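Work through the exercises below with the sequence and the 3D view side by side. Try each task before you read its solution.

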Amino acid sequence: MIRPQLSLRRPLAVTAAALAGLATVLACTAPASASPASPSPTATTAVPTPSATATTPPSEQPTPSCVAAADARYTHTFDGPAGRASITLTNGPLCRGEEQELALVSYVTPSAKFAVPQYVLDKSIKKFTGVAPGELGVATLDFAVEVPNCYTQVDFVFGSKLIDPLTDTSDRYGDRKVGSPSGIGARSTGPRAWFNGGSGTCSAAPEVIVESDCDGNVELTLVNRSGNAAATFTITGSGGFTEKVTVPLRKIEKQKLSAGEAQEITVTAAGMKDFTGGWQKPEDCQQPGVGTPDASYESSCDKMIFRISNPEDGTPLTSVFTPNKGEPKKLTVEPGRTGTVSFPARKGLTVTVTGDLDSGGPLKWEQPKDCPSTGGGGGGDQDGGLPVTGAAAGAIAAGAATLLAAGAVLFVVARRRRIRFTV
């Protein structure tokens with residue numbers, strides 16, 4: 001049996017028909033696609049953002065921006081001859097906790113051009129301060145100072161540290177001056193904020209006030225109350241003392257001289273009549289207190305004894321004790337010490353005290369009651385006879401008691417005063 005050969009025509013035709021059908025399906029579905037097969041970025045639809053002012057609550061509104069002091073920028077004005085200046089913060093406010101101080105200062109100077117020494121006449125210091133979120137800060141500061149009617153310099157500077165006096169060796173403001181071409185001063189835009197000018201030499205108005213104390217010291221009050229320049233005082237005193245004191249305008253300085261320096265004083269200053277003088281005791285000085293000595297005496301059977309006690313705060317005392325019979329005795333008692341003088345007892349003995357202590361008259365020896373009736377220097381007569389007895393002796397004893405009581409009121413006087421001698 002002979003088989004006929006297979007033909008490829010039919011399978012190829014079926015395959016071609018299938019591919020044609022598939023192409024037709026793709027062609028029909030293409031218009032329904034929302035975008036091309038390869039999307040382009042320009043065809044992407046943006047998602048709209050809600051408006052902040054329309055939908056955000058007030059508590060969530062953006063807060064005002066702030067700036068650190070180091071990044072702050074300013075504009076300023078300056079009128080040196082008038083002593084006026086102002087400065088405005090242009091990119092503020094400063095952030096909370098930040099601050100920036102500025103100062104306007106006027107000087108009196110020795111020349112219309114820069115020259116030293118210079119002394120501050122007036123100053124104005126103000127500052128910008130940081131604010132909390134949502135708060136508003138001060139944008140402009142205004143300054144004004146007095147300008148002297150003589151040679152002057154006026155400076156507008158960043159910071160509050162002023163130089164007074166301004167001398168050859170002192171600091172300089174340098175780039176701190178507002179409107180400087182570099183440094184912190186360059187943070188502000190505007191004219192150069194410093195001025196030298198004026199006319200006429202500034203002059204001082206010196207005065208000196210002298211006050212003495214009770215201890216010999218002198219205090220000098222050096223015054224430059226109404227001048228428009230510093231005053232230099234030259235002070236000389238006893239013992240080679242010399243001192244120069246410069247008093248800035250409208251200021252007061254004090255200089256104290258000790259008792260050794262204040263006996264002879266001379267004070268000179270340009271524009272002031274020379275002062276010549278020295279310490280003078282004030283009228284209201286109190287005399288130093290001096291302790292009162294204690295003076296007393298006693299009559300024993302055989303002696304008349306005087307005792308002087310001088311206190312620690314006393315003065316040396318010298319007195320003379322003169323008996324009505326016999327040689328006087330001299331006694332000196334230093335402060336803090338006690339001294340005694342005695343005389344043998346005898347009938348009719350009296351002693352008068354003179355000198356620094358004064359008894360005010362004779363002091364009489366009085367025989368004590370308990371003395372022996374016989375013997376003893378005070379008990380018998382001076383001629384060695386028998387002692388008096390009986391009624392006469394009783395009368396004498398009574399009289400002695402009376403005199404003993406009276407002897408309790410006796411005096412000794414201190415320098416220029418009487419002191420009571422006690423029995």
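The exercises go from the whole chain to single residues.

The model is predicted: local features need pLDDT of at least 70, side-chain atom pairs count only at pLDDT 80 or more, and totals for chains, interfaces and linings use all residues. Residues are numbered from 1 along each chain as its sequence is written, and side-chain values use heavy atoms, leaving out hydrogens and water.

**Exercise 1. The whole chain**

Task: State how many helices and strands the chain has, and what percentage of its residues count as buried.

Solution:
- Step 1. Helices (H or I, at least four residues) and strands (E, at least two) are DSSP runs, numbered from the N terminus. The chain has three helices and 24 strands.
- Step 2. Buried means under 20% relative accessible area, exposed over 50%, and partly exposed in between, with a 1.4 Å probe and protein chains only. Of the 423 residues, 33% count as buried.

**Exercise 2. Following strand partners**

Task: Start at E298 and find its bridge partner in β17. Then find the partner of I305 in β20.

Solution:
- Step 1. Strands pair if DSSP finds at least two bridges between them. Six bridges join β16 (residues 294-299) to β17 (residues 303-309). These two strands run antiparallel.
- Step 2. E298 has I305 as its bridge partner in β17. Three residues lie between β16 and β17, which form a hairpin.
- Step 3. Seven bridges join β17 to β20 (residues 338-344), again antiparallel. In β20, I305 is partnered by S342.

**Exercise 3. The nonpolar cores**

Task: Name the residues that touch the most other members of the largest nonpolar core, and the strands that each supply at least two of its residues.

Solution:
- Step 1. A nonpolar core is a set of buried Ala, Val, Leu, Ile, Met, Phe, Trp, Tyr and Cys residues joined through side-chain atoms within 4.5 Å. In soluble globular proteins, nonpolar side chains tend to be buried together.
- Step 2. The largest core has 19 residues. I87, L102, L104, F128, F143 and F156 touch the most other members.
- Step 3. At least two core residues come from each of β1 (74-79), β2 (84-89), β3 (99-108), β5 (140-144) and β6 (152-158).
- Step 4. A second, separate core has 18 residues, including L317, V333, V341 and F343.

**Exercise 4. Two disulfides**

Task: For C150 with C202, and for C214 with C285, give the handedness of the disulfide and the separation in sequence.

Solution:
- Step 1. A disulfide is a pair of cysteine sulfur atoms within 2.5 Å. By this rule there are four.
- Step 2. C150 and C202 are joined, S to S 1.9 Å. The torsion about their S-S bond is about 90°, so this disulfide is right-handed.
- Step 3. C150 lies in the loop between β5 and β6, and C202 in the loop between β8 (194-197) and β9, so the pair ties together parts 52 residues apart in sequence.
- Step 4. C214 and C285 are also joined, S to S 1.9 Å. Here the torsion is about -100°, so the disulfide is left-handed.
- Step 5. C214 lies in the loop between β9 and β10, and C285 in the loop between β15 (272-277) and β16, so this pair ties together parts 71 residues apart in sequence.

**Exercise 5. Buried or partly exposed?**

Task: Classify C214 and C285 by relative accessible area.

Solution:
- Step 1. C214 has 42%, so C214 is partly exposed.
- Step 2. C285 has 14%, so C285 counts as buried.
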